[in-house]
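Trainee: I would be grateful for a close look at the aromatic residues of this model and at the nonpolar core. Could you take me through them in one connected account?

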Amino acid sequence: MSEKTAFNPPSVRRPFGNYNHGLMVPPGASLLVTSGQLGIGLDDTVPPDVTAQAQLCFEAIGAILSDAGMSFADVIRISGFVTRREDFPAYMAVRDRYTRAPKPVSTLIIVSGFTRPEFLVEVEVTAAKIF
């Protein structure tokens, strides 16, 4: 096996969105795990809406991936955290613009808040570079 393999068994309800239930990487793949990224700019500004904050999260993740010699094509797992259920569609629309096939596994959780009240979303990823 030299590529990632997706698993969506017929005995499990299909995914709710653009993700896979399971994703296997071959032996010897190099792993990168990020800390959660918040929607804050280099100038410390925090946009007031979840879409703009999610874009900042994914842009920060993209920079980390790039520094590691990776891209969004190498992401195998995304964990997203939002403070409001009504922000699911906006967050998922941003997530879907960054993910590549095969789609990574994904978890989205509602939390009561982050370190500062203006933060609405946080995202962390695991990536695997296959050589």
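Mentor: The account below begins with the aromatic rings and then turns to the nonpolar cores. Please keep in mind that this is a predicted model.

A pair of aromatic rings is described by the distance of the centres and the angle of the planes. In this model the count comes to 4 aromatic pairs. One of them joins Phe-58 and Phe-72, whose ring centres are 6.3 Å apart. The angle between these two planes is 40°, and the pair is classed as tilted. Phe-58 belongs to helix H1 (residues 50-67), whereas Phe-72 is in the loop between H1 and strand S5 (75-82), so this pair ties together parts that lie 14 residues apart in sequence. Phe-58 has a relative accessibility of 0% and therefore counts as buried. Phe-72, at 14%, is likewise counted as buried, because the limit is under 20%.

Phe-58 also pairs with Tyr-98, and here the arrangement is stacked, with 5.1 Å from centre to centre and 15° between the planes. Tyr-98 lies in helix H2 (residues 88-98) and Phe-58 in helix H1, so the pair links parts that are 40 residues apart in sequence. The relative accessible area of Tyr-98 is 14%, and this residue is buried. Together with Tyr-91, the residues Phe-58, Phe-72 and Tyr-98 make up one aromatic cluster.

Phe-58 and Tyr-91 appear again in the largest nonpolar core, which has 20 residues. Along with Leu-65, Val-121 and Val-123, they are the residues that touch the most other members. At least two residues of this core come from each of H1, S5, H2 and strand S7 (121-129). The largest share is that of H1, which supplies 6 residues. In soluble globular proteins, nonpolar side chains tend to be buried together.

Leu-65 merits a closer look. Setting aside neighbours within four places in sequence, Leu-65 is in contact with Leu-32, Met-70, Ser-71, Phe-72, Val-75 and Ala-127. Apart from the largest core lies another core, of 5 residues, which includes Leu-23, Ala-29, Ile-76 and Ala-128.

One further feature involves a charge and a ring. The charged end of Arg-13 sits over the ring of Phe-16, at 4.1 Å from the ring centre.

Technical notes
Residues are numbered from 1 along each chain as its sequence is written. This is a predicted model: local features need pLDDT of at least 70, side-chain atom pairs count only at pLDDT 80 or more; totals for chains, interfaces and linings use all residues. Side-chain values use heavy atoms; hydrogens and water are left out. Rings of Phe, Tyr and Trp (its six-membered ring) pair if their centres lie within 6.5 Å; planes under 30 degrees apart count as stacked, over 60 as edge-to-face and the rest as tilted. Helices (H or I, at least four residues) and strands (E, at least two) are DSSP runs, numbered from the N terminus. Buried means under 20% relative accessible area, exposed over 50%, partly exposed in between (1.4 Å probe, protein chains only). A charge sits over a ring if NZ of Lys or CZ of Arg is within 6 Å of the ring centre and within 35 degrees of the ring normal. A nonpolar core is a set of buried Ala, Val, Leu, Ile, Met, Phe, Trp, Tyr and Cys residues joined through side-chain atoms within 4.5 Å. Contact means heavy atoms within 4.5 Å.
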